[in-house]
Amino acid sequence: MADRSKGFMRDEFVTYAYILLYIALSSGQIFFNKWVLSSKEINFPYPLGLTLLHMIFSSVLCFLLTKVLKIVKVEEGMTLEIYVTSVIPIGAMFAMTLWLGNTAYLYISVAFAQMLKAIMPVAVFILGVAAGLEMMSCRMLLIMSIISFGVLVASYGELNINWIGVVYQMGGVVGEALRLIFMELLVKRKGIKLNPISLMYYVSPCSAICLFVPWIFLEKSKMEGNGTWNFHFVVLTLNSLCTFALNLSVFLVISHTSALTIRVAGVVKDWVVVLVSALLFADTKLTIINLFGYAIAIAGVAAYNNHKLKKEASKVPSETPADGDSIPLVSQAYTNTER
């Protein structure tokens, strides 16, 4: 009995450690990206270049883990037809999401960007209805209205609103919503389920190519003109490593807990980012209206998460994922935390 109790406590400790690691890495990565893009010391205001570096780094590490060191096995079942019709669109939308989301940091505060991201379930639901993956109902219409109203109130309370930054952030939200729709189509219609490392193994090179083309036309000449090729190698490498560690931490949390846990942790992380950013960055000035609107939006997001999880539970028996299992799609809608 004593050994069983110790084992249970050890498992609980490991679970909470993974959750805290996820929240720390997720919040820290957002602050890290903002600092790299905005800091005069680093002098690297190139969101396309930074995101491209992340994808190249991720591609190389995934290749080393799966093909050289063989620590993680790449899931079977990928074909050329599936790659062209599903993985390439997912990679393109992922690239668009990170590019536009990181660019928004040049114009708006981290806290306000986080508040705008709360509109994500609305975008996912609308596109899901259009794609035939979701059904319109009075309950969902009410939830979407609550979220939209909360984001609207939070935006009204923003003191230094920059509409260019808002457009970039909302473009990133649309890109992420499209990525999730393509992910659901990949799972439901193609029958492919991938763990995060396998997913990044296939998606990262595609995203890197999608980012490389606009980088040549939009940022390459600026970087050459400013002599930015002599960038801070250690800082950018550490930034890329943290991004990869963040993706891995999502895998660890879901493997040891559930989709519900990652969603709750995501909401906690969002509040941590909003509140801590006010202490770290001079461009963040929170107001009562800001926080009130964001609280309404988060309440709507919580209701959305609860509705989706109940819907998923009614389809399949509830069980705790074993280590190495694929991420349930229901958890994907709130786990893109790199930006």
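# Burial, contacts and surface in an all-helix chain

Visitor: Buried or exposed: which is K269?
Guide: K269 has a relative accessible area of 3%. The cut-offs are under 20% for buried, over 50% for exposed and in between for partly exposed, using a 1.4 Å probe and protein chains only. K269 is therefore buried.

Visitor: What kind of model is this?
Guide: Residues are numbered from 1 along each chain as its sequence is written, and side-chain values use heavy atoms, with hydrogens and water left out. Local features need pLDDT of at least 70, side-chain atom pairs count only at pLDDT 80 or more, and totals for chains, interfaces and linings use all residues; the model is predicted.

Visitor: Which residue forms a salt bridge with K269?
Guide: A salt bridge needs a side-chain nitrogen of Lys or Arg within 4 Å of a carboxyl oxygen of Asp or Glu. For K269 the closest N and O atoms are 2.8 Å apart. The partner counts as buried because its relative accessibility is 3%. That partner is D270.

Visitor: How many salt bridges does the count come to?
Guide: One of them joins the side chains of E176 and R179, at 2.8 Å from N to O. Another joins E224 and K220, also at 2.8 Å from N to O. With the D270 and K269 pair, the count comes to 3.

Visitor: In which helix do E176 and R179 both lie?
Guide: Helices are DSSP runs of H or I with at least four residues, strands are runs of E with at least two, and both are numbered from the N terminus. E176 and R179 are 3 residues apart, about one turn of the helix, and both are buried. The helix spans residues 163-190 and is α7.

Visitor: What relative accessible area does K220 have?
Guide: K220 and E224 are 4 residues apart in helix α9 (residues 220-225), about one turn of the helix. E224 counts as partly exposed because its relative accessibility is 41%. K220 is partly exposed too, because its relative accessible area is 29%.

Visitor: Which backbone oxygen does the side chain of T103 reach?
Guide: T103 lies in helix α3 (residues 80-104) and is buried, because its relative accessible area is 5%. A polar contact is a pair of N or O atoms within 3.5 Å; within protein, one must be able to donate a hydrogen and the other to accept it, and residues adjacent in sequence count only if both atoms are side-chain atoms. The T103 side chain meets its partner at 2.7 Å, and the oxygen belongs to W99.

Visitor: Which residues does T51 touch, not counting those up to four places away in sequence?
Guide: Contact means heavy atoms within 4.5 Å. T51 is in helix α2 and counts as buried, because its relative accessibility is 0%. By the same exclusion, T103 touches P47 and Y168. The residues that T51 touches are L98, W99, N102 and L211.

Visitor: What angle lies between the planes of the F44 and Y46 pair?
Guide: Rings of Phe, Tyr and Trp (its six-membered ring) pair if their centres lie within 6.5 Å; planes under 30 degrees apart are stacked, over 60 edge-to-face and the rest tilted. The structure holds 7 aromatic pairs. F44 and Y46 form an edge-to-face pair, 5.4 Å centre to centre, with the planes at 85°.

Visitor: Which non-glycine residue has a positive phi of about 55°?
Guide: The residue lies in the loop between α2 (47-68) and α3. It counts as exposed because its relative accessibility is 63%. The residue is K70.

Visitor: How much accessible area does the nonpolar patch with I71 have?
Guide: Patches take residues with over 30% relative accessible area and no salt bridge, joining like charges within 9 Å and nonpolar side chains (Val, Leu, Ile, Met, Phe, Trp, Tyr) within 5 Å. I71 is in the loop between α2 and α3 and is exposed, because its relative accessible area is 59%. Areas come from the Shrake-Rupley method with a 1.4 Å probe, and for residues only the protein chains shown count as cover. I56, V60, F63, L64, V68, L69 and I71 together have about 650 Å².

Visitor: What share of the residues of the chain count as buried?
Guide: The chain has 12 helices and 0 strands. It exposes about 16,000 Å², of which carbon and sulfur atoms supply 70%. Of its 339 residues, the buried share is 51%.
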